[in-house]
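Colleague: Got a minute to go through this model with me? I'd like to start with the charged pairs and then move on.

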Amino acid sequence: MKRWYDKLEPLTKRFEVLLYIGLLCWMALFDVLEKGVYSWTYYGSALLVLFLVHLPVLVFSWNRERWKQLLSGRRYLQYWLACFGVYLGLLFVICSTFLEVNTRFQQLIPISALFIFLLELLLTVIAWYRKRALQWQWIKRLSLERSVLISIILIAVLFSIMAVSSMGNPEYDRPGGLLLGFEFNFWKVLTHFGVFLSFLVQFLFMYLCGYFFFYINNRVLVPRVLKQKGVVMYILAGLATVGITYPIIAQLLSLLPVNGRLGKVFSDNPFLLENAFGAILIILLSLPVVLALQWSKQNSRIMSLEKEKAEAELDLLKQQLNPHFFFNTLNNLYALSLAQSTQTPESILQLSELMRYVIYKAKEPAVSVQEEVKYLEDYMQLQQIRLKRKPDVQFTKEIAGDTPLVAPLLLIVLVENAFKHGVEPAEGTALLHLSLYADATRLYFTCVNSFEQEGEVAAGIGLANLERRLALLYPGKHQLKTGIESHTFKAELELDLT
């Protein structure tokens, strides 16, 4: 039985629509707060107008994934530009220009259009980052600690440039100490390069002292104390770390020449509690980040293990499936050779084609539906050669050109099962009717065959493997039904290809 939040899965596929709706709600809320009219009617009217004017954006976002599959890249880009470029641009210009000045919607609609556009750009950048940037090896190797260190170095360089640039400027260089103005005089940096290096080393030392508490928290306190000994011991360990180290670090910082140049940022008294508060603050602020990253690492490791397990199981199922097929086919060829049939060479040639498909294509994660159909037709032709009574075989198919790739060797199991348990043992004329429909979103395959021995529904390893492979390859996106009715066995397979 599905839980209530499992039923929301279709909505999670359109997560971006939820983000746009949330943004429109925030825009309506800010409108209420700005105007000071705290009523549901006022809020609802703002929300209704925003939803109506941005309906094309919501429609586009709702159909985004489907259009990506159905449309060519060029046509999809045209749709995107028409929605987020032309429509939002016209909405911004028209509402800013033609609506009465300083009215409620003359400001609200253009601002909402601008924020909608910025959100779309942000989502595009995130999608690009997840698709491309994460494949760059140097980004994969960039851990949190290295990122923080790089940030510290960049900040130290920036502040050193600002400090040197502010020297001698009365606005910033005062008797009480040097203030870091937003000044960037690179000529002064070059002519006072020794001073710049001095500032750089001291700023680096200052920030590395703060980094020390982050490093201890990330490497020791969270993984060794919080996870193994609990919250109370984590708090006590954090306090102990700060109590042991903060007077020493505060003393070192107060002795830096840059401390006096900046007007005694750090007190000469290293025992002041404000120094301890600074260290505690670093530990507390870094705690959510450290926990989130460690949870993410653990989750990625679990997903990776589950993926490896599923792939190993799929390989095992394929290894079980292939011998099953070849044993049946070799038995067929053996029967042909005993009868000295002239069709034997042709049958061997067809078998080699089938083996080539099974050996090479079956290793690929996905193949085209047309290749699967060709494989089915070759298989059925090979099977019919040796039958004394020709079965009534019909195969209707309707395959759209934009049908996505599918996992190989799924349909053959049902056909093979039909020959083994329906067509071959039939005393009279057997029937085998296949129907295949496939488009960009769905594949529907039915296999109906004659079945005379009631109660003998020996699915065997084939159907068992098929059910397991479907569960691994299309979890929650497949449906396999089998049943007997009026001496016919019917199998239906439906795949959600979205």
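Colleague: Which side chain does Glu-120 meet in a salt bridge?

Modeller: Keep in mind that this is a predicted model. The side chain of Glu-120 meets that of Arg-64, with 3.0 Å from N to O. Glu-120 belongs to helix 7 and Arg-64 to helix 5, so the bridge ties together parts that are 56 residues apart in sequence.

Colleague: Are Glu-120 and Arg-64 buried or exposed?

Modeller: Both Glu-120 and Arg-64 are buried.

Colleague: Which residues are linked with Arg-64 and Glu-120 in a network of salt bridges?

Modeller: Glu-16 is linked with them, so the network consists of Glu-16, Arg-64 and Glu-120.

Colleague: How many salt bridges does the count come to?

Modeller: The count comes to 11. One of them joins Glu-377 and Lys-397, whose closest N and O atoms are 3.1 Å apart. That pair links distant parts of the chain, with Glu-377 in helix 16 (residues 369-385) and Lys-397 in strand 3 (residues 392-399), 20 residues apart.

Colleague: Why does Glu-377 count as partly exposed?

Modeller: Glu-377 has 29% relative accessibility, and the partly exposed class runs between the 20% and 50% limits. Lys-397 is partly exposed because its relative accessible area is 39%.

Colleague: What does Asp-268 form a salt bridge with?

Modeller: Asp-268 pairs with Lys-264, and the closest N and O atoms are 3.1 Å apart. Lys-264 is partly exposed, at 45% relative accessible area.

Colleague: Switching to pockets. How much space lies in the largest pocket?

Modeller: About 490 Å³. The lining has 16 residues, and the closest to the pocket centre are Lys-68, Leu-123, Thr-124, Ala-127 and Trp-128.

Colleague: Which helix gives the largest share of that lining?

Modeller: Helix 7, with 8 residues. Helix 2 (15-35), helix 5 (64-70), helix 6 (73-98) and helix 7 (104-131) each supply at least two residues of the lining.

Colleague: And how many lining residues are nonpolar, polar and charged?

Modeller: There are 7 nonpolar, 1 polar and 8 charged residues.

Colleague: Staying with helix 7, is Ser-112 buried or exposed?

Modeller: Ser-112, which is found in helix 7, is buried, with a relative accessible area of 1%. Leaving aside neighbours within four places in sequence, Ser-112 is in contact with Met-27, Leu-50 and His-54.

Colleague: Now the rings. How many aromatic pairs does the structure hold?

Modeller: It holds 19 aromatic pairs. One of them is Trp-40 with Tyr-43: the ring centres are 5.8 Å apart and the planes are at 80°, so the pair is edge-to-face. Both residues lie in helix 3 (residues 40-53), 3 residues apart, about one turn of the helix.

Colleague: Which of those is buried and which exposed?

Modeller: Trp-40 is exposed, with a relative accessible area of 74%, whereas Tyr-43 is buried, at 15%. Tyr-379 and Phe-419 form another edge-to-face pair, 6.0 Å centre to centre and with 80° between the planes. This pair links distant parts of the chain: Tyr-379 is in helix 16 and Phe-419 in helix 17 (residues 411-423), 40 residues apart. Tyr-379 counts as buried at 1% relative accessibility, and Phe-419 is buried with a relative accessible area of 1%.

Colleague: Last one. Which residues form an aromatic cluster?

Modeller: Tyr-20, Phe-60, Trp-67, Tyr-76, Tyr-79, Trp-80 and Phe-84 form one cluster.

How values were computed
Residues numbered from 1 in each chain as written. Predicted model: local features only at pLDDT ≥ 70, side-chain atom pairs only at ≥ 80, totals over all residues. Heavy atoms only, no water. 1 Å grid on protein atoms, 1.4 Å probe; cavity = no way out; pocket = protein on both sides within 12 Å on 5 of 7 lines; lining within 4 Å. Points joined across faces, edges and corners; volume = space filled by probe spheres on them. Helix = DSSP H or I, 4+ residues; strand = E, 2+ residues; numbered from the N terminus. Nonpolar A, V, L, I, M, F, W, Y, C, P; charged D, E, K, R; others polar. Buried < 20%, exposed > 50% of the residue type's maximum accessible area, 1.4 Å probe, protein only. Contact = heavy atoms within 4.5 Å. Salt bridge = Lys/Arg side-chain N within 4 Å of Asp/Glu carboxyl O. Phe/Tyr/Trp six-rings, centres within 6.5 Å; stacked < 30°, edge-to-face > 60°.
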